[in-house]
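Trainee: I would like to go through this model slowly, and to ask at each step what lies behind the words we use for it.

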Amino acid sequence: MIVRTTDEITGTERDVAGPGWRSKRIVLGGDGVGFSFHETTIEAGTTHEFHYQNHIEAVWLVEGEGTLIDLDNQTAYQLAPGSMYLLDGHERHRLDARTRMRMMCVFNPPVTGREVHDENGVYPLVAAV
């Protein structure tokens, strides 16, 4: 059994941030459970483009409001608490945060914690150790 709190993750290598975003990686590939689980925060007024070519991601918004844009077909989705989206087709997407957004995210295959978004917003596929 694994029990963790976001407080104990804060300030460790599992707490990763960039301009306008922060990801607390609660479960990672090295935990050996077949997925990773993150709390991600996007700051109000920021825009972020992502394209997970190597991962399926499910996202559940628990706080905040914003717009999700599928960059493959320019379809826009309004997000509010309780919204979920699943990137099961490796869609290129953009998040426009109207307010601070806090999301719970699941990745398969799991993220290891060593990934860095490349210039296209892609995480490389890194083997869990």
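Trainee: How many helices and strands does the secondary structure of the chain come to?

Mentor: This is a predicted model, and in it the secondary structure comes to one helix and 10 strands. Read along the sequence, the pattern is α-β-β-β-β-β-β-β-β-β-β, and of the 129 residues of the chain, 42% count as buried.

Trainee: Why is isoleucine 56 called partly exposed?

Mentor: Isoleucine 56 has a relative accessible area of 28%; buried would require a value under 20% and exposed a value over 50%, so with 28% isoleucine 56 falls in between and is called partly exposed. The place of this residue is in strand β5, and, leaving aside its neighbours within four places in sequence, isoleucine 56 is in contact with Leu86, Leu87, Asp88, His90, Val106, Phe107 and Asn108.

Trainee: What makes strand β4 and β9 a pair?

Mentor: Two strands pair if at least two bridges are found between them, and strand β4, residues 47-51, is joined to β9 over five bridges in the antiparallel sense, so the condition is met. Within this pairing, histidine 48 stands opposite leucine 95 in β9.

Trainee: How do you know that strand β6 pairs with β9?

Mentor: The reasoning again rests on the bridges: at least two are needed, and five join strand β6, residues 66-70, to β9, the two running antiparallel, so they count as a pair. Here glycine 66 stands opposite alanine 97 in β9.

Trainee: Which side chains along β9 point to one face and are buried, and which point to the other?

Mentor: The side chains of β9 alternate, with His93, Leu95 and Ala97 pointing to one face, where they are buried, while Arg92, Arg94 and Asp96 point to the other and are not.

Trainee: What makes the largest nonpolar core a core, and which residues have the most contacts inside it?

Mentor: The name is used for buried residues of nonpolar kinds joined through side-chain atoms within 4.5 Å, and the largest such set has 18 residues, those with the most contacts inside it being Ile42, Leu79, Tyr85, Leu95, Met101 and Met103. The elements that give two or more residues to this core are β5, β8, β9 and β10, and the largest share, four residues, comes from β10. In soluble globular proteins, nonpolar side chains tend to be buried together.

Trainee: What is methionine 101 in contact with, leaving aside its neighbours within four places in sequence?

Mentor: Among the contacts of methionine 101 are Ile42, Leu61, Leu79 and Leu95, and they also include Glu63 and Asp96.

Conventions:
Residues numbered from 1 in each chain as written. Predicted model: local features only at pLDDT ≥ 70, side-chain atom pairs only at ≥ 80, totals over all residues. Heavy atoms only, no water. Buried < 20%, exposed > 50% of the residue type's maximum accessible area, 1.4 Å probe, protein only. Contact = heavy atoms within 4.5 Å.
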